[in-house]
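Have the sequence and the model open side by side. We will walk through the fold one piece at a time.

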Amino acid sequence: MGAAEDAEATEHRWYRLTVEETGQQLQSQLESGLTALEVAARHRRHGPNEIQEGRRHGPFAMFLGQFTDFMILVLIAAAIISGLIGDMVDTLAILAIIILNAIIGFVQEYRAERAIAALKQMAALTAQVVRDNQPQVVPATELVPGDVVLLDAGQAVPADLRLTEVAQLKIEEAALTGESQPVEKSTEAIDEIDLALGDRRNLAHKGTLVTYGRGRGVVVATGMKTELGRIAELLRGEEEGKTPLQKRLARFGRSLAIAVLVICAIVFTTGILRGEPMMLMLLTAISLAVAAIPEALPAVVSVSLALGARKMAARNALIRKLPAVETLGSVTFICSDKTGTLTENRMRVEEIYCAGTIMREIQHEATQIEPLRSLLWALALSNDARPDANGKTLGDPTEVALFQAAKVAGFDKTALESEMPRVGELPFDSERARMTTLHKVGAEALAFTKGAPERMLLLCQNVLTPDGVAAIDRDELERAAERMASDGLRVLAIAQRRWLKLPAEPTPEGVETGLTLVGLVGLLDPPRAEALEAVKLCKGAGITPVMITGDHPATARAIAKRLGIIDGADEVITGPELARMDMREFEEHVERVRVYARVAPEQKIKIVRALQDKGEFVAMTGDGVNDAPALKRADIGVAMGITGTDVAKEAGHMILLDDNFATIVSAVREGRRIFDNIRKFIKYTMTSNSGEIWTIFLAPFLGLPIPLLPIHILWINLVTDGLPGLALAAEREERGVMQRRPRPPNESIFAHGMWQHILWVGLLMGAASLFTQAWAIATDHGHWQTMVFTVLTLSQLGHVLAIRSDADSLFTQGVFSNRPLIGAVLLTFGLQMATIYVPVLNSIFKTEPLTLEELLFCLAMSSVVFIGVEIEKWAVRRGWLYAPTSRSPM
């Protein structure tokens, strides 16, 4: 047994071991990490680092689940009883149709499960590790015991770690301990036998969140062996919740089911009173209930949302929570971070200001003269950017730009660190708006601080010049920073302080004071070319784009004007101004503000609340730990996929895989299309059901025999609700989809004339079918039942073609613009003709071949519905029907 297995078998209390003992126990080199061969061997031994989900239904169980609906079970029982006392052919045909229906339902559900699983896989977390003495980014599932992991603020801890290095590392462990305050971590061994989870300060546990500082640790447990894995045992079997739309449809379906059952009871009673066979009427009533009750609607919505979300993921918008798809169409405000979302996120140093001199290009001979030399030292050393194994520079975009500027000037970070190693640091945080690193220079220490000029200048007591230290002229420096910012540059102030010896306990209060200003650096992050068009689209769609940035107000205004976000009457508010406003005062301004500058992430939640209080529907972007509350509070929280922390991604409803503002707008467009197509599917299904109910319900009151047999009802439900209905999901977006106002979030799914359409078109279908029946009987056409069966089926095919758009004619759209739907309609038409003209199917479906005259009459009557809906759309285009204020009774 190897050391790693021995460690697992004896369940070592890792917090009691020293760093060196931990490394020995795991046979891991804590500096260089594991080798690729050792990683592969341990992965085979320990398996993937993942929490096993509760047991999911397999395909067979999923298929059997299609038969659990009460009405389906009643129909099966009735069909079997009917077969035992009558015609077994009927029974077998009905059972075959039920099985076909179950297959279609199974395929839908299986595709949805696969789509959701694929989305979860795409959202999988990564980890920074050291392997073969090289830093690497790997999927968190590939971690093994003994791996050396690097931790930074904003990341989720990917496995249980014994910490080996910490730099003011704080971890929020609420997921495990319930303690909301972050815990400060250390590396010293703790000599206690039974130590509570929250007191193990030298361990970091899987699923907890790094909120501050940096750290390094070695993996001691993965997967179900972690503390989180043990807790996960209690959570197995939990299912995904339904979306709001699914819940509303389920409630509506229950109410409708009661009404349908009452109608079915009337149909059954009326038939018995007229002398119809009891078993025939029982099967007819049950078949009608099965066909008319929309029990599949919530499942269809789930399929549409899941497949729509998968399509959006291909366009760089990864949906984490399905309700986000249906609510995207309601967004009225998109509050977006500037850097990387509205801009290219490839900062570059455009200008340097040192000792009154502006430099846009660095002359090599000047790099050894102060203050430029100290400034370039600071750019290289006070920087967490680093090259990876492929030579690509990893890190924050601003730090990468500073790193590259220094490197181009001949100041290589790796070489400088050998002369001036980093011995301490005060990491950046949004409250201080700066970071500091401390370096050993001989026997002395040198601290470099960089941050926002308006705060940094207050901490500086003098300025470095070619002639040495001189008195600081803050007014001149503020004017220089203002000028650079007004040109759209992001301005950083660089300062330093020398120490005779390293401070024992470096703190912001002790280190970041009495500084010597070295210079100002202006960086440019150019606006994305596609963002300008996306902003125009937003405004045309009734969506207000808002820019949020930590940059200087002048910089923010310059970028906002370039993008078209800000107009003359729009307001710009800074973080300090926002802090001084109470909520009531802020709400008076919030709908006119287009730019927030120098805003702390914590203030985003105030912006979200104010807009929501005014009735707006808010999408908010974010990437940092402090953005998480605002992302969670927003109606659509949008986390960044490239720069975003794990904390932000967990809080968001959607992840931008390319960190691009235009992708948000594209997702809104796609969300509107998906929701429109869900409405079309519901309109189609409910209208078809309505037509079947009216046909059978009204026939006895008009003195007509039962127009359809049970097998006819089930066949119509199978072929018309199946392929044609699902093909509606492929329908293109409506013309002008991004020129209409956002949909109110609480608006009924049946608004804008949908419920009126379901009623009158269903009646029209029923009328066409019953007129066909009455005409056939009156003119002694003995095939009247086959004719009614055909007219009702083909009417629904004409209906699905007509409702492809809410307003545009089919001929304007193009008959073949939705090829899957045309294919489904042609296939269904062919199947219907087969039930009429294939002899072997005549006995099964109780049909008879129609003459040419009868068939042409059926085609003419079934086209009435198509013509009627086209006339309805003509009236809608002229504004005569379904004004925007229309609401359904739901």
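Arginine 598 sits in the loop between E23 and H24; helices (H or I, at least four residues) and strands (E, at least two) are DSSP runs, numbered from the N terminus. Its phi is positive, about 50°, although arginine 598 is not a glycine. Most residues other than glycine have a negative phi, and most peptide bonds are trans. This is a predicted model: local features need pLDDT of at least 70, side-chain atom pairs count only at pLDDT 80 or more, and totals for chains, interfaces and linings use all residues. Residues are numbered from 1 along each chain as its sequence is written, and side-chain values use heavy atoms, with hydrogens and water left out.

Step back from that loop to strand E23 (593–597). Five of its five residues are buried, so E23 is largely enclosed by the rest of the structure. Buried means under 20% relative accessible area, exposed over 50%, and partly exposed in between (1.4 Å probe, protein chains only). E23 runs parallel to E22, and four bridges join the two. E23 also pairs with E21 in the parallel sense, over two bridges. Two strands count as paired if DSSP finds at least two bridges between them. Tyrosine 596 of E23 is the bridge partner of isoleucine 548. Isoleucine 573 also stands opposite tyrosine 596.

Where does E23 fit in the wider sheet? The order is E8-E26-E25-E24-E9-E21-E23-E22, an open sheet of eight strands with mixed pairing. E8 (317–319) and E22 (571–574) stand at the edges with a single partner strand each, so one side of each has no neighbour in the sheet. On average, neighbouring strands are turned by 20° against each other, direction ignored. Helix H24 (residues 604–613) packs on this sheet and touches E9, E21, E23 and E24. Its direction makes about 170° with that of E24. Axes are lines fitted to C-alpha atoms, for helices over the stretch in contact, and angles run from 0 to 180 degrees between N-to-C directions.

Now go to the E8 edge. E8 and E26 (residues 654–656) pair in the antiparallel sense over three bridges. Leucine 318 stands opposite isoleucine 655 in E26. Histidine 653 lies in the loop between helix H26 (646–651) and E26. Is histidine 653 buried or exposed? At 15% relative accessibility, histidine 653 counts as buried. Its side chain reaches the backbone nitrogen of glycine 637 at 2.7 Å. Histidine 653 touches residues including Leu318, Arg320, Leu631 and Asp635; contact means heavy atoms within 4.5 Å.

Next, the interior. The largest nonpolar core has 54 residues, and those with the most contacts inside it are Met312, Ile334, Met547, Met654, Phe661 and Ile682. Such a core is a set of buried Ala, Val, Leu, Ile, Met, Phe, Trp, Tyr and Cys residues joined through side-chain atoms within 4.5 Å. Helix H27 (residues 661–698) gives the largest share of this core, eleven residues. A second, separate core of 45 residues includes Val260, Ile706, Leu718 and Ala824. Methionine 547 touches, among others, Leu342, Ile559 and Tyr596.

Two more backbone details deserve a look. A cis peptide bond joins glutamate 370 and proline 371, with omega about 5°. Proline 371 lies in the loop between strand E11 (357–359) and helix H14 (372–381). Aspartate 132, in the loop between E1 and E2, has a positive phi near 50°.

Note on methods
Polar contact = N/O pair within 3.5 Å; in protein donor to acceptor, adjacent residues only side chain to side chain. Lists of a residue's contacts leave out its neighbours within four places in sequence.
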